[in-house]
Amino acid sequence: MTYFPLLTQELMFFCSRQRYQSLLDRIPRRLMALHTEVVAQRALDRRLIEEIYRIKASIQQLNMELSKIKDHDAFVSQEVEQAKQQLTEDLIETHSSSDVVQGYHQLYELHRARLEDQLMQVTEDRDCWSQFTFSLALKVIKVKKLQLVSELQVSEEGWFKTAKHCLLYISTKDTQDLHNIVELTNYWKEQLIALMSQMKKTEHAQFAQVTSMQQDIAKWSLFLNQQNNSSDVTGGSDPEYDSATVEEIHADLKQWSHMLALQCEEYQGEEQLLLQQKLNELRCVLEIWLDMSLQLYERHTLPEAESAEGSQTIRELEVVLSELLKQFDIQVSGESGVHRLIMSLLGLMDSWVSKTNTSIEQPEPQMSVSDWIKLRGALVAWQNLAEEILLHFSITQTENQKDKNKHDLYTETTKTLDDVQEFTTSLSNFTESENQKLLEK
């Protein structure tokens, strides 16, 4: 019986000891957790303090900017007030000046009205004396029976009416023809400017494409030269090119060939046909308004030298404008040489496109050393040919001005359009002057 109580006490003591041990084990962990929380809280407090300092600095900066804005606003307000005062003074001065001008204007109107009255009185007196003289002349003719003078007076009246009708007809015809000439020349200039703008756009695109191709060719030429030089440095062995190099140069060759083929189509396709039709229309319109201008010059009776000078001006203008349209025709059709050069470059590249394509289709894409040497020489020739193509564009002639013997088509066109405008103005002045002379006669 005494054994069980002792066992029970030992068990209770063991359990108490275990709880005490676990309690002691919890204390370090709890202290560590508290320490971690304190450290974290301190770090958070430190960040909050830094943020507070940053906010205070931002508020101070905003206050400084606000102060600057207030100062600037005060300065602007002062400037506005000064400008307002200046404007008020200017308005007062303007009103005073306006009153003076108004006074001068009233004085001028009074003087003008007085002169008009005097002119009207003089005109009435002249008409009265003319009518009286004419009536007196008719009475003298009737009383004295001056048959010849009477016939002359009747003929003079008939001639005057006929001349007046002729003058009205010539003036009306000149006005109609001049109006038609101005409309046709304006239409001709607008269409020529639109054609020139379209050609410029196409030429800029071609120039950019050929320039890009030339730069790529130069890169490949430099790459092959470097490979050849490196092989010479390493001991004279032939340069080696992997399959990726063959595929890359084949892709570039194919792209260049496609681009050149598209440019060749532009000189043979629908766009080129439309441009040719537009040029033919411009030739017809040019012939119409030049013929009308020549008829307008020949309609008036002029001294031979002066008449010949007007006709000669029209003939010279016809030659210049016809030559200009011919230059546009050459540019559109590519007969300037650019089409031939592009076709030549395209033919040279197509052979290498086929050759590189054959190498790629082999199990191991590779070209022989002799082919790479030939390609290196071909790249140099292509680069020179591309440079020659670029020299045929008006853009190159305008920017570089290397060849002084070549003329820029677009600059010449602008100058010629100014000459056409000057011609229409001189034609209008000529018509007005001749009609005034006829009226005076």
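This is a quick look at some salt bridges in a predicted model.

Side chains of opposite charge can pair when their charged atoms come close. Here the structure has eight salt bridges, and three of them are set out below.

| Pair | Closest N to O distance |
|---|---|
| Arginine 54 and glutamate 51 | 2.4 Å |
| Arginine 112 and glutamate 109 | 3.9 Å |
| Arginine 283 and aspartate 329 | 3.3 Å |

Let's start with helix H1, which covers residues 3-144. Arginine 54 and glutamate 51 sit three residues apart in helix H1, so about one helical turn separates them. As for solvent, arginine 54 is partly exposed at 48% relative accessibility, and glutamate 51 is partly exposed too, at 37%.

Further along, arginine 112 and glutamate 109 are also in helix H1, three residues apart, which puts about one helical turn between them. Arginine 112 has a relative accessible area of 37%, so it counts as partly exposed; for glutamate 109 the figure is 32%, again partly exposed. This pair has company: a network of salt bridges links Glu109 and Arg112 with Glu116.

Now for a pair that joins two helices. Arginine 283 and aspartate 329 form a salt bridge, with N and O 3.3 Å apart. Arginine 283 belongs to helix H4 (residues 270-298) and aspartate 329 to helix H5 (residues 304-333), so this bridge ties together parts that lie 46 residues apart in sequence. How accessible is aspartate 329? Its relative accessibility is 21%, and since buried means under 20%, aspartate 329 counts as partly exposed. Its partner, arginine 283, is partly exposed as well, at 29%.

Notes:
Residues are numbered from 1 along each chain as its sequence is written. This is a predicted model: local features need pLDDT of at least 70, side-chain atom pairs count only at pLDDT 80 or more; totals for chains, interfaces and linings use all residues. Side-chain values use heavy atoms; hydrogens and water are left out. A salt bridge is a side-chain nitrogen of Lys or Arg within 4 Å of a carboxyl oxygen of Asp or Glu. Helices (H or I, at least four residues) and strands (E, at least two) are DSSP runs, numbered from the N terminus. Buried means under 20% relative accessible area, exposed over 50%, partly exposed in between (1.4 Å probe, protein chains only).
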